[in-house]
Amino acid sequence: MKRALITGVTGQDGAYLAKFLMSKGYEVYGTYRRLSTPNFWRLNYLGIMRKVNLISMDLNDTTSIMESIEISQPDEIYHLAAQSFVGASFEQPIATGEVTGLATTRMLEAILKRDKDIKFYNASTSELYGNSSSGPLDEATPFKPQSPYATAKLYSYWMTRLYRDAYGLFAANGILFNHESPIRGLEFVTRKITNAIAKIKLGIEKKVILGNIESFRDWGYAPDYVEGMWKILQNETPEDFVLATGETHSVKEFLSLSCEIAGLAMDDVLEVSSSLKRPLEVHYLVGNPSKAEVELNWTHRMEFRDLVKEMTEEDIARWDSFINGKPVIWDAQHYDDNNNIIKTRYKMDA
Ligand code: GDR
């Protein structure tokens with residue numbers, strides 16, 4: 001039986017990937033961060049909480065990284081853990097550099113010391129491109145990061161390549177464009193929208209407050225993308241691959257479709273706040289997944305409209321159950337809306 005170690009197993013991709021690898025017969029180990037409030041709702045939601053072997057690990061602590069490899073003895077490592085919110089990276093650029101950048105080198109060093117045969121997947125990102133070109137963006141497009149997050153990921157991307165070229169590790173980057181689902185974190189715009197629309201629909205909220213609604217993203221479905229991660233490590237040679245849908249939509253379009261599905265008028269619910277706009281923005285992203293389609297036989301399955309529909313309907317169903325006193329496994333009831341979070345580096349509009 002193959003063994004996999006997933007860093008960041010409590011996140012959206014970690015949870016879906018764990019479930020996918022189990023369906024392929026893997027023994028799955030997953031690392032999580034010790035927090036004052038545990039964050040296992042996604043593993044519970046997918047019904048795999050008791051099937052993942054959980055290891056607490058701190059990406060800043062080399063000893064704990066070594067230990068998680070000792071315990072899991074993996075054939076494959078999927079390195080997904082990071083500070084993954086672009087907006088927050090402007091507020092915490094140094095911590096983001098440590099966790100999102102340097103920690104990848106800690107992982108690679110640990111593999112080099114412990115067992116050079118372990119295959120390594122690095123969660124790379126379309127944020128690397130910044131505004132370098134209007135696309136479609138592929139593996140050969142130059143990078144021009146526009147945030148502390150993307151800059152840390154650029155370092156992580158190159159270190160992965162360096163350990164492949166210099167030491168012969170099977171280390172590969174998946175350059176993934178945005179991928180969403182009903183278990184996406186509430187800080188990301190898609191889930192923020194569907195959660196707010198659900199609350200407005202049910203009369204417990206009035207507005208959804210957003211920043212730049214004119215930016216375009218290539219939005220796919222997270223379960224499709226975790227399969228791509230696995231395929232990248234099953235390829236004969238370690239190579240970097242773009243995973244994307246090849247289609248792009250604006251934040252405004254996402255909101256408008258979510259409103260349409262919920263039977264609301266967008267103009268009644270939308271509020272724009274410049275305090276939510278980032279100091280630097282990536283305006284337009286669309287990927288070209290041809291290499292993955294040809295060489296890995298990977299393709300996205302879920303289309304944009306179905307994605308918005310699934311997310312919107314799921315959030316409405318959750319809030320509806322919650323209001324009616326039925327237990328729901330999910331995150332939103334613990335969070336108020338973002339209104340009074342102080343953005344230290346964002347322009348304040350008041
Ligand atoms: P992104 O995702 O930065 O593309 O990174 P996010 O959903 O945060 O933003 C997408 C776009 O929406 C605009 N936007 C808002 N964003 C948030 N979060 N909240 C708002 O209120 C809001 N209003 C408008 C943003 O400015 C942006 O243009 C995601 C993350 O998952 C990364 O970790 C990953 O690497 C990339 O996708 C691929």
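Student: What makes β5 and β6 count as a pair, and in which sense do they run?

Tutor: This is a predicted model, by the way, and everything here is read off its atoms. Pairing takes at least two bridges between the strands. β5 and β6 have 6 bridges, in the parallel sense, so they clear that cut-off of at least two. One spot to click on is A123, which stands opposite G174 in β6.

Student: And what makes β1 and β4 a pair?

Tutor: Same test. Strand β1 (residues 3-7) is joined to β4 by 4 bridges, and the two run parallel. The requirement is at least two, so the label holds. For a concrete position, I6 stands opposite Y78 in β4.

Student: How do you know that β4 pairs with β5?

Tutor: Again by counting: 4 bridges join β4 to strand β5 (residues 119-125), and they run parallel. E76 has K119 in β5 as its bridge partner.

Student: What makes you say that both faces of β4 are covered?

Tutor: Look at the two sides of residues 76-79. E76 and Y78 are on one side, I77 and H79 on the other, and all of them are buried. That word has a cut-off, under 20% relative accessible area. As background, side chains in a regular strand alternate between the two faces of the sheet.

Student: Why is β6 described as largely enclosed?

Tutor: Because 6 of the 6 residues in strand β6 (residues 171-176) are buried, the rest of the structure largely encloses it. Split by direction, A171, N173 and I175 point one way, A172, G174 and L176 point the other way, and all are buried.

Student: Let's try single residues. Why is S89 called buried?

Tutor: S89 has a relative accessible area of 0%. Buried means under 20%, so the name fits. S89 lies in helix α4 (residues 86-91).

Student: What is S89 in contact with, leaving aside neighbours within four places in sequence?

Tutor: Q83, T96, S147, P148 and Y149. To count, heavy atoms have to be within 4.5 Å. T151 gives a C-alpha distance to try: S89 and T151 are 62 residues apart along the chain, with 9.9 Å between their C-alpha atoms.

Student: Why does A244 count as buried?

Tutor: The relative accessibility of A244 is 0%, against a cut-off of under 20%, so buried is the right word. A244 sits in the loop between β11 (241-243) and β12 (249-250). Apart from neighbours within four places in sequence, its contacts include F177, Y225, W298 and H300. A244 and I175 are 69 residues apart in sequence, and 8.6 Å apart C-alpha to C-alpha.

Student: Why is Q73 only given as partly exposed?

Tutor: Q73 has a relative accessible area of 45%. Exposed needs over 50% and buried needs under 20%, so Q73 falls in between. Q73 is in the loop between α3 (62-72) and β4, and has a positive phi of about 45 degrees although it is not a glycine.

Student: Then why is N297 called exposed?

Tutor: The value for N297 is 60%, and the line for exposed is drawn at over 50%, so N297 passes. N297 also has a positive phi, near 60 degrees, in a residue other than glycine. Its place is the loop between α11 (290-296) and α12 (304-323).

Student: How do you know that the bond joining G135 and P136 is cis?

Tutor: Check omega: it is about 0 degrees for that peptide bond. P136 lies in the loop between β5 and α6 (148-167).

Student: Zooming out, how many helices and strands does the protein chain have?

Tutor: There are 12 helices and 13 strands.

Student: And why is the protein chain called as compact as a globular protein of its length?

Tutor: Its radius of gyration is 20 Å, and the globule rule gives 20 Å for 350 residues, so the two are close and the description follows. The C-alpha trace spans about 55 × 45 × 40 Å along its principal axes, and 53% of the 350 residues count as buried.

Key. Residues are numbered from 1 along each chain as its sequence is written. This is a predicted model: local features need pLDDT of at least 70, side-chain atom pairs count only at pLDDT 80 or more; totals for chains, interfaces and linings use all residues. Side-chain values use heavy atoms; hydrogens and water are left out. The radius of gyration is taken over C-alpha atoms; the globule rule is 2.2 Å times the number of residues to the power 0.38. Buried means under 20% relative accessible area, exposed over 50%, partly exposed in between (1.4 Å probe, protein chains only).
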